[in-house]
Amino acid sequence: MTWLRALLAAGLSVIMPGAGHVLVRDWLRAALFAGLFLSASALFLPIEQLAAAGPITNVDEITAYADVMSEETDSMTQFLLSFIALFAAIDATFRALGYPPGGTDTADGPTCPECGKEIDEDLAFCHWCTTRLEPESSDEEPAHS
């Protein structure tokens, strides 16, 4: 399940940087990567040529957008946007796999054995990664005197 979640997070981040972080509920990083990608897109993409291509309603218009992107965008812009998407995908993958373990070292209470985040003692599952938590049971038998 963890590998499937990591691959899904990576795939979502390739499509839209920040989407993979939403899957692993890392909201700050999701906003950071999405904002960085959208800002770079707004600054460097040829908006006028893309707007002239019209709205996307079928496959032929998607290929028109791809043609505008490949012809009108310089290689440095393509590299920058690809780098942001790739870095977001790698980061989302590592976050989904649990690296760095626990995320933060400031947990005061019990932590989840799967994701390492702080959990509520009253719940039977981790509200971060939905792992079922086994109740604490004492295996020790009372000593007979």
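Is T73 buried or exposed? Have a look while I say hello, everyone. One thing to keep in mind throughout is that this is a predicted model.

Back to T73. You will find this residue in the loop between helix 5, residues 59–72, and helix 6. T73 has a relative accessibility of 8%, and the cut-off for buried is under 20%, so T73 counts as buried. What does T73 touch? Leaving out residues up to four places away in sequence, its contacts are L45, P46, V68 and Q78.

Now let's move on to the aromatic rings. How many aromatic pairs does the structure hold? There are 4, and I'd like to walk you through two of the pairs.

Start with F33 and F87. Their ring centres are 5.7 Å apart and the planes make an angle of 55 degrees, which is a tilted arrangement. This pair links distant parts of the chain: F33 belongs to helix 3, residues 27–44, while F87 belongs to helix 6, residues 75–97, and the two are 54 residues apart. As for their surroundings, F33 is buried, with a relative accessible area of 4%, whereas F87 is partly exposed at 45%.

Next come F79 and F83. Here the centres are 6.2 Å apart and the planes sit at 25 degrees; stacked means under 30 degrees, so this pair is stacked. Both residues lie in helix 6, 4 residues apart, and that is about one turn of the helix. F79 is exposed, because its relative accessible area is 52% and the exposed class begins over 50%. F83, at 46%, counts as partly exposed. If you now put the four residues together, F33, F79, F83 and F87 form one aromatic cluster.

Let's stay with helix 6 and bring in a partner. How do helix 1 and helix 6 pack? Helix 1 covers residues 2–15, and its axis lies 8 Å from that of helix 6, at an angle of about 160 degrees. Any angle over 145 degrees counts as roughly antiparallel, so that is how these two helices run relative to each other. The crossing of helix 1 past helix 6 is right-handed.

Which residues make that contact? From helix 1 we have T2, W3, R5, A6, A9, A10, S13 and V14. Helix 6 brings A85, A88, A89, A92, T93, A96 and L97. Sorted by class, the contact has 11 nonpolar residues, 3 polar ones and 1 charged one.

While we are at helix 1, look at L7, which is also found there. L7 has 59% relative accessibility, so this residue counts as exposed. In sequence, L7 and A96 are 89 residues apart, yet from C-alpha to C-alpha the distance in space is 8.6 Å.

Before I finish, here are two backbone details. R25 has a positive phi of about 60 degrees although it is not a glycine. Where is R25? Its place is the loop between helix 2, residues 19–23, and helix 3, and with a relative accessible area of 31% R25 is partly exposed.

T130 also has a positive phi of about 60 degrees without being a glycine. You can find T130 in the segment after helix 6. Its relative accessible area is 55%, so T130 is exposed.

To go back to where we began: T73, in the loop just before you reach the residues of helix 6, is a buried residue. Thanks for listening!

Conventions
Residues are numbered from 1 along each chain as its sequence is written. This is a predicted model: local features need pLDDT of at least 70, side-chain atom pairs count only at pLDDT 80 or more; totals for chains, interfaces and linings use all residues. Side-chain values use heavy atoms; hydrogens and water are left out. Rings of Phe, Tyr and Trp (its six-membered ring) pair if their centres lie within 6.5 Å; planes under 30 degrees apart count as stacked, over 60 as edge-to-face and the rest as tilted. Buried means under 20% relative accessible area, exposed over 50%, partly exposed in between (1.4 Å probe, protein chains only). Axes are lines fitted to C-alpha atoms, for helices over the stretch in contact, and angles run from 0 to 180 degrees between N-to-C directions. Angles under 35 degrees count as roughly parallel, over 145 as roughly antiparallel, 65 to 115 as roughly perpendicular and the rest as oblique. A crossing is left-handed if the near helix is turned anticlockwise from the far one by less than a right angle, and right-handed if clockwise. Contact means heavy atoms within 4.5 Å. Ala, Val, Leu, Ile, Met, Phe, Trp, Tyr, Cys and Pro count as nonpolar, Asp, Glu, Lys and Arg as charged, and the others, Gly among them, as polar.
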